Amino acid sequence: MNAESAQRPKPAGGRRLVCITGASGAMYGIRTIQALLESGCEVHAVASEWGERVVAEETGKPFSVWMNDFAISQDHIHNCRDLAAPIASGSFPLDATVIVPCSMNSAGAIASGVCQNLIHRAALVSLKESRPLIIVSRESPLSLIDLRNLTTLAETGASILPASPAFYHSPATIDDMVNFVVGKILDHLHVEHRLFRRWG
Ligand SMILES: Cc1cc2nc3c(=O)[nH]c(=O)nc-3n(C[C@H](O)[C@H](O)[C@H](O)COP(=O)(O)O)c2cc1C
């Protein structure tokens, strides 16, 4: 990581990292990036190899094209194989990291302290620096291994926020269901939003 990126002052809206892994529900990750950008946050983004594959399968558009459409700075899109990226270091000031959606493969690697790519490294940095880490898990059913890994992550300080949309707000479209989960993520990041109608 270069010294310049570590010295960069934090933007007023804060700086968040959004990681997309190869679980179903790629749109949750894409919409999270979009909502954070719209709320004025500096957003860093990275997708795993399988994350990119599922984004293309489920949204019909490659991750790189989504990022271009959002006009996100090229400096803020990181290569998942690049363990020398700024976000791989605890000295890079991030307010929070979200893995959305989070595969059981990535959850298992992080829970074991294994760093096979930049997403695992960024998550492990988040935990060691005691910074907020939100794991938006997506798998069903969960094996005992998955449950234990998620428990380890929760015990280590991560928030486990399963991608499970509610029905009490009467969703009419898939977009409504995606927005509900993304709204929950933004709540946990203390970012204001109007993605869903609140109960009461
Ligand atoms: C279309 C598709 C959907 C998938 N959905 C899930 C899922 O919902 N949850 C999960 O844990 N893995 C899912 N997988 C498997 C992961 O992609 C696989 O475990 C991969 O190794 C994850 O790598 P990553 O964690 O580096 O992204 C899916 C794979 C494909 C191709």
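Q: Where is Ser-130 found?
A: This is a predicted model, in which local features need pLDDT of at least 70, side-chain atom pairs count only at pLDDT 80 or more, and totals for chains, interfaces and linings use all residues. Residues are numbered from 1 along each chain as its sequence is written. Elements are DSSP runs numbered from the N terminus, with helices being H or I of at least four residues and strands E of at least two. Ser-130 sits in the loop between α6 (118–128) and β5.

Q: What is phi of Ser-130?
A: Ser-130 follows α6. Its phi is positive, in a residue other than glycine. The value is near 55 degrees.

Q: Is Ser-130 buried or exposed?
A: Burial is a count of other C-beta atoms, placed from the backbone, within 10 Å of the residue's own: 20 or more is buried, 12 or fewer is exposed, and in between is partly exposed. Ser-130 has 9 C-beta neighbours inside 10 Å, so it counts as exposed.

Q: Which residue after α8 has a positive phi although it is not a glycine?
A: The place to look is the segment after α8. The phi is about 60 degrees. With 10 C-beta neighbours inside 10 Å, this residue counts as exposed. It is His-190.

Q: What covers the buried residues of α6?
A: The buried residues of α6 are Leu-118, Ile-119, His-120, Ala-122, Ala-123, Val-125 and Ser-126. The cover includes β1 (15–20), β2 (42–47), β3 (77–79), β4, α5 and β5.

Q: How many helices and strands are in the protein chain?
A: From the N terminus on, the elements run α-β-α-β-α-α-β-β-α-α-β-α-β-α. The count is eight helices and six strands.

Q: What radius of gyration does the protein chain have?
A: The C-alpha atoms fill a box of roughly 50 × 40 × 35 Å along the principal axes. The radius is taken over C-alpha atoms, and the globule rule is 2.2 Å times the number of residues to the power 0.38. For 200 residues a compact globule would be near 16 Å, and the protein chain agrees with that at 16 Å.

Q: Among contacts between residues at least 6 apart in sequence, what percentage join residues at least 24 apart?
A: Two residues are in contact if their C-beta atoms, placed from the backbone, lie within 7 Å. Of the 200 residues, 42% count as buried. The share of contacts joining residues at least 24 apart is 76%.

Q: At what angle do the axes of α5 and α7 cross?
A: Axes are lines fitted to C-alpha atoms, for helices over the stretch in contact, and angles run from 0 to 180 degrees between N-to-C directions. The axes of α5 (residues 104–111) and α7 (residues 144–156) come within 9 Å. The angle is roughly 50 degrees.

Q: Which residues of α7 make the contact with α5?
A: Under 35 degrees counts as roughly parallel, over 145 as roughly antiparallel, 65 to 115 as roughly perpendicular and the rest as oblique. The angle of roughly 50 degrees makes α5 oblique to α7. From α5 come Met-104, Ala-107, Gly-108, Ile-110 and Ala-111. From α7 come Asp-146, Asn-149, Leu-150, Thr-152 and Leu-153.

Q: What is the handedness of the crossing of α2 and α8?
A: Helix α2 (residues 26–38) and α8 pack at about 55 degrees, with axes 9 Å apart. They are therefore oblique to each other. A crossing is left-handed if the near helix is turned anticlockwise from the far one by less than a right angle, and right-handed if clockwise. The crossing of α2 and α8 is right-handed.

Q: How do the residues of the contact of α2 with α8 divide?
A: α2 gives Met-27, Tyr-28, Arg-31, Thr-32 and Ala-35, while α8 gives Val-178, Asn-179, Val-181, Val-182, Ile-185 and Leu-186. Ala, Val, Leu, Ile, Met, Phe, Trp, Tyr, Cys and Pro count as nonpolar, Asp, Glu, Lys and Arg as charged, and the others, Gly among them, as polar. The division is eight nonpolar, two polar and one charged.

Q: Which residue does a cis peptide bond join to Val-100?
A: Omega of this bond is about -10 degrees. The partner lies in strand β4 (residues 96–102). It is Pro-101.

Q: What is omega of the peptide bond from Ser-140 to Pro-141?
A: Pro-141 is in the loop between β5 (133–137) and α7. The bond is cis, with omega near -5 degrees.
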